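Thanks for coming, everyone. Please look at the screen while I walk you through this one.

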Amino acid sequence: MKEAIRTYHDLLTDELAAESQGQLTEQMQQRGLFFGKRPLCTVLRPRFLTPEQYLFLRKSIRPLLRAFEKISELAVQDAEFCAQFGLSDWEKELIKHEPKYRGHTPLTRLDAFYVTENSELKFTEYNAEVPAASAYNDVLNEVFYGLPVMGEYLRHYAVRPLPTRHSVLHVLLDSYRQGGGTGRPQIGILDWHDVPTRSEFELFTQYFGSQGFKAKIVDPRNVMYENGRLHHEGFAIDIIYKRVLITELIERGGMDQPVVRAVRDGNVTMVNPFRCKLLYKKMSLSVLSDERNAHLFNKKEAAVIHNHIPWTRTVEERKTTYGGLPIDLIPFMHKYKDQLVLKPNDDYGGHGIVLGWQTNASGWEQAVEQALAEPYIVQERVVIPEEPYPSIIDGRLQIYNRMLDTAPFIFHGDYVDGCLTRLSTDPLLNVSAGGGSTVPTFVVEKR
């Protein structure tokens, strides 16, 4: 991999780098590859994985997905077990609704840190509700394939993209047909009209249209539910590709919101369903990690949880274990803050996350007190990998290390198909938090 990266960087003469940067900028402007007003990508190299690394990623995830499915199904059946996820009363009510199709999480994305040199892979979050950036990823694939530097690189390496939009469409259609839907359904991409990801919705609308399916971006506040049909200005919606967060939908519209009523009545197919809230909660990782639940998993699942889920606990006054030894959780958190992260149970974009090693003692004490008062998890610090990436800064090519995460897309709650990579100089590595860069991921082999 180091040789593959070095070969790419060695090709970047000043002239070729400037030409490639000009084309990248032009293509992003033409294709709407912006998060709000910020360009999605600010570097000149995609992420590279070897076939073996990508296979390791996929194989490691599969038993983990079975474990997630197991705890989600048990939570629906057992109220006492469900309490471990920290649901609100209205969430408990909504997860009673059973979708007409299989699975609670047909479209998801796992966020991980993957140190490829020693195959250390740690999954730190599960985006089980509204996994974003699939269309961005695919179009960035196309853009990077056409860059002048890539043309030269293809002489040395075979490069395979990892597209995902086709799998998104298949999941939507499969869910619709499993629920008894027939014919050619119309798709409503559901989110607020002023979100910065609207440009991605437009890419999906174009893609769905290219495959022969009418699609429209709709704001939940502007839909009507009449005579058993959900529609927007005469556009009947058969499938909701849900990008709006369920929490925001309920907070702004309540349980009588037209979308909520249509879904609960079974008159529209929504992907993902209300039950995705269970695994979207960050406490789902503490459910997997907690020694009290170890009996739920078979040997393969237990091994993957041990190897790839960092130690995670719900923040509460309790005795638990760390490294197989008994601990008193809150005093342990105060003593070892430099090895710990605090995360709110239900938030996104890096909001509310406190990194112990970047916080002084008094700030950490306040954060722990807040975490005791609100639903929070504490998670063990993991190694954040770095790789060199080239970019044009003040007209000059510069190559320096950036931290990166690995975010594989998962379909039908069963298999990996494609992978997002985000770069940053900040350990939060979150583009929606206001920084960083999104790059496509390619599988590479030497010719």
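In which sense do strand β17 and β18 pair, and over how many bridges? They pair in the antiparallel sense, over two bridges. Strand β17 covers residues 340–344. Before I go on, keep in mind that this is a predicted model.

Let's stay with that pair. Find Val341 and look across to β18: its bridge partner there is Leu355. Now zoom out. β17 and β18 belong to an open sheet of four strands. The order is β14-β19-β17-β18, and the pairing is antiparallel. Who stands at the edges? Those are β14, at 312–314, and β18, at 354–355. Each has a single partner strand, so one side of each is left without a neighbour in the sheet.

A helix packs on this sheet as well. That is α16, residues 361–373. Helix α16 touches β17, β18 and β19, the last of these at 376–380. The direction of α16 makes about 40 degrees with that of β17.

Next, the other sheet I want to show. This open sheet also has four strands, in the order β8-β7-β12-β13. Here the pairing is parallel. At the edges stand β8, 215–218, and β13, 269–271. Again, each edge strand has a single partner, so one side of each has no neighbour in the sheet. From one strand to the next, the twist averages 25 degrees.

Let's go through some pairings. β7 and β8 run parallel and are joined by four bridges. Ile187 stands opposite Ala215 in β8. On the other side of the order, three bridges join β12, residues 239–242, to β13, and these run parallel too. There, Ile240 stands opposite Met270 in β13.

Look at the side chains of β7, residues 187–190. Which residues point which way? Ile187 and Ile189 point one way, while Gly188 and Leu190 point the other way. Are they buried or exposed? All are buried.

Now a pair of helices. α6 spans residues 134–145, and α9 spans residues 198–210. They pack at an angle of about 70 degrees, with their axes 8 Å apart. The range for roughly perpendicular is 65 to 115 degrees, so α6 counts as roughly perpendicular to α9. Which residues make the contact? From α6, Ser134, Ala135, Tyr136 and Val139. From α9, Ser199, Glu200, Leu203 and Phe204. By class, that gives five nonpolar, two polar and one charged residues.

Last topic: aromatics. A search of the whole structure finds 17 aromatic pairs. I'll show two. Phe48 and Tyr153 are stacked, at 5.2 Å centre to centre and 0 degrees between the planes. How many residues apart are they? The answer is 105, so to speak a link between distant parts of the chain. Phe48 sits in strand β3, residues 47–49, and Tyr153 in helix α7, residues 148–153. Phe48 is buried, with a relative accessible area of 1%. Tyr153 is buried too, at 0%.

My second pair is Phe81 and Phe85. Their ring centres are 5.9 Å apart and their planes are at 70 degrees, so this pair is edge-to-face. Both Phe81 and Phe85 are buried.

Finally, return to the stacked pair. Phe48 and Tyr153 join Tyr8 and Tyr157 in one aromatic cluster. That's my tour. Thanks for listening.

How values were computed. Residues numbered from 1 in each chain as written. Predicted model: local features only at pLDDT ≥ 70, side-chain atom pairs only at ≥ 80, totals over all residues. Heavy atoms only, no water. Axes fitted to C-alpha atoms, helices over the stretch in contact; angles between N-to-C directions. Parallel < 35°, antiparallel > 145°, perpendicular 65-115°, else oblique. Contact = heavy atoms within 4.5 Å. Nonpolar A, V, L, I, M, F, W, Y, C, P; charged D, E, K, R; others polar. Pairing = 2+ DSSP bridges. Phe/Tyr/Trp six-rings, centres within 6.5 Å; stacked < 30°, edge-to-face > 60°. Buried < 20%, exposed > 50% of the residue type's maximum accessible area, 1.4 Å probe, protein only.
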